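Reader: I would like to go through this model with you, one part at a time. Shall we begin?

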Amino acid sequence: MAREAVGRPPEETLSLWKREQALLRARVVTRDTEAWQRDPGFSGLRRVGGVDVSFVKGDSVSACASLVVLSYPELEVVYEDCHMVSLTAPYVSGFLAFRELPFLVDAVQRLREEEPQLMPQVLLVDGNGVLHHQGFGVACHLGVLTGLPCIGVAKKLLQVDGLENNARHKEKIRLLQAGGDTFPLMGDSGAILGMALKSHDHSTKPLYVSVGHKVSLEAAVRLTRSCCRFRIPEPVRQADIRSRDYIRRTLGGPRPPAPGQERQEWAPPGSPRAFPLWLSTELL
């Protein structure tokens, strides 16, 4: 039987979490703060980071928290930090950061102390930023606590402020023709909470990009697109691949190819698949 994290926290704890989110939300910066962000080719950007928390199969407590740093624009991994962790907070919708974030902040702090020359200039986060029930998703939370520019990159639409994965939304997705095509995610409030991005010419599902901290939505979308060799931007993709491989190596089981060997170009319909079967299509 899978070990389960403790049940839903008491309302007092949820109230404290909401209060912390509200206080930290006031510190979120939703504009470009770095010169490289305003450059069309991101001149001056040399290092991009990605974070991920992968769970042991059948276990909602044991996980691997990973941070990777990639060179830019080459998108080659130059730093990797993977640690097995035990999560004590339960998953509660809207409060993911309180479950996973402490371990990611620790990883950033280790890098800052041990190899500061490799600190990323921006972090891509598998999750949402201002596209969130409280306007303060995990990408915002991580950005405020670390002081780093952060971008939220979600694989599924968070249905908030009237946004729905309904027929109208699916029709907009259908109209995305080429990699780089987008449409805005405007809530009932009139606010644009993010952008749906077709990240790759052959992707059938968009990414949902939102501002985390210290970056504009326009720059966040451009950078996310420029980091995509497949559907998922390479910093997030590599963090996921390496965290899962670390779990395999730590707990046993078959190992996938070494990082780098699995990266192949997309194959057109009718030709042999250019990615190995062990690699989840969610990462492509």
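Reader: Which residues of α4 are buried?

Author: This is a predicted model. In α4, the buried residues are Val138, Ala139, Cys140, His141, Leu142, Gly143, Val144 and Thr146.

Reader: How many of the residues of helix α4 is that, and what follows for the helix?

Author: Eight of the nine residues of α4, which spans residues 138-146, are buried, so the helix is largely enclosed by the rest of the structure.

Reader: What covers the buried residues of α4?

Author: The cover includes the helices α1 (11-25) and α3, together with the strands β1 (47-55), β4 (122-125), β5 and β8.

Reader: And what happens to the backbone just after α4?

Author: Gly147 comes just after α4 and takes a positive phi of about 80°.

Reader: You mentioned β8. Is that strand buried or exposed?

Author: Seven of the seven residues of β8 (residues 207-213) are buried, so this strand too is largely enclosed by the rest of the structure.

Reader: Which strands pair with β8, and in which sense?

Author: Strand β5 (residues 150-154) pairs with β8 in the antiparallel sense, over five bridges. Strand β7 (residues 192-197) also pairs with β8 in the antiparallel sense, over three bridges.

Reader: Which residues of β8 are the bridge partners of Cys150 and Ala196?

Author: Cys150 has His213 as its bridge partner in β8, while the partner of Ala196 is Tyr208.

Reader: Staying with that end of the chain, where does Lys214 lie, and what is its phi?

Author: Lys214 lies in the loop between β8 and α6 (217-226). Its phi is near 55°, a positive value in a residue other than glycine. Lys214 is partly exposed, with a relative accessible area of 24%.

Reader: What about Asp161?

Author: Asp161 has a positive phi of about 55°, although it is not a glycine. Asp161 is found in the loop between β5 and α5 (167-174), and it is partly exposed, with a relative accessible area of 26%.

Reader: Now peptide bonds. Where is the cis bond that involves Pro73?

Author: The bond from Tyr72 to Pro73 is cis, with omega near 10°. Pro73 lies in the loop between β2 (62-71) and β3 (77-86).

Reader: Let us turn to empty space. How many cavities of 30 Å³ or more does the structure hold?

Author: The structure holds one such cavity, and the largest cavity has a volume of about 30 Å³. Asp126, Val153, Lys155, Leu207, Ile232, Pro233 and Val236 line the largest cavity. By class, that lining has five nonpolar residues, no polar ones and two charged.

Reader: And the largest pocket: how much space lies in it, and which residues lie nearest its centre?

Author: About 590 Å³ of space lies in the largest pocket. Its lining has 25 residues, with Tyr91, Leu96, Asp126, Gly127 and Asn128 nearest the centre.

Reader: Which element gives the largest share of that lining, and how does the lining divide by class?

Author: Helix α3 (residues 97-114) gives the largest share of the pocket lining, three residues. By class, the lining of the largest pocket has 11 nonpolar, eight polar and six charged residues.

Reader: Finally, the chain as a whole: how many helices and strands, and how much is buried?

Author: The protein chain has seven helices and eight strands, and 52% of its 284 residues count as buried. The chain exposes about 13400 Å², of which carbon and sulfur atoms supply 52%. Among contacts with a separation of 6 or more, 66% are between residues 24 or more positions apart.

Terms used
Residues numbered from 1 in each chain as written. Predicted model: local features only at pLDDT ≥ 70, side-chain atom pairs only at ≥ 80, totals over all residues. Heavy atoms only, no water. Buried < 20%, exposed > 50% of the residue type's maximum accessible area, 1.4 Å probe, protein only. Helix = DSSP H or I, 4+ residues; strand = E, 2+ residues; numbered from the N terminus. Pairing = 2+ DSSP bridges. Contact = heavy atoms within 4.5 Å. Areas by Shrake-Rupley, 256 points an atom, 1.4 Å probe, with all protein chains shown as cover. 1 Å grid on protein atoms, 1.4 Å probe; cavity = no way out; pocket = protein on both sides within 12 Å on 5 of 7 lines; lining within 4 Å. Points joined across faces, edges and corners; volume = space filled by probe spheres on them. Nonpolar A, V, L, I, M, F, W, Y, C, P; charged D, E, K, R; others polar.
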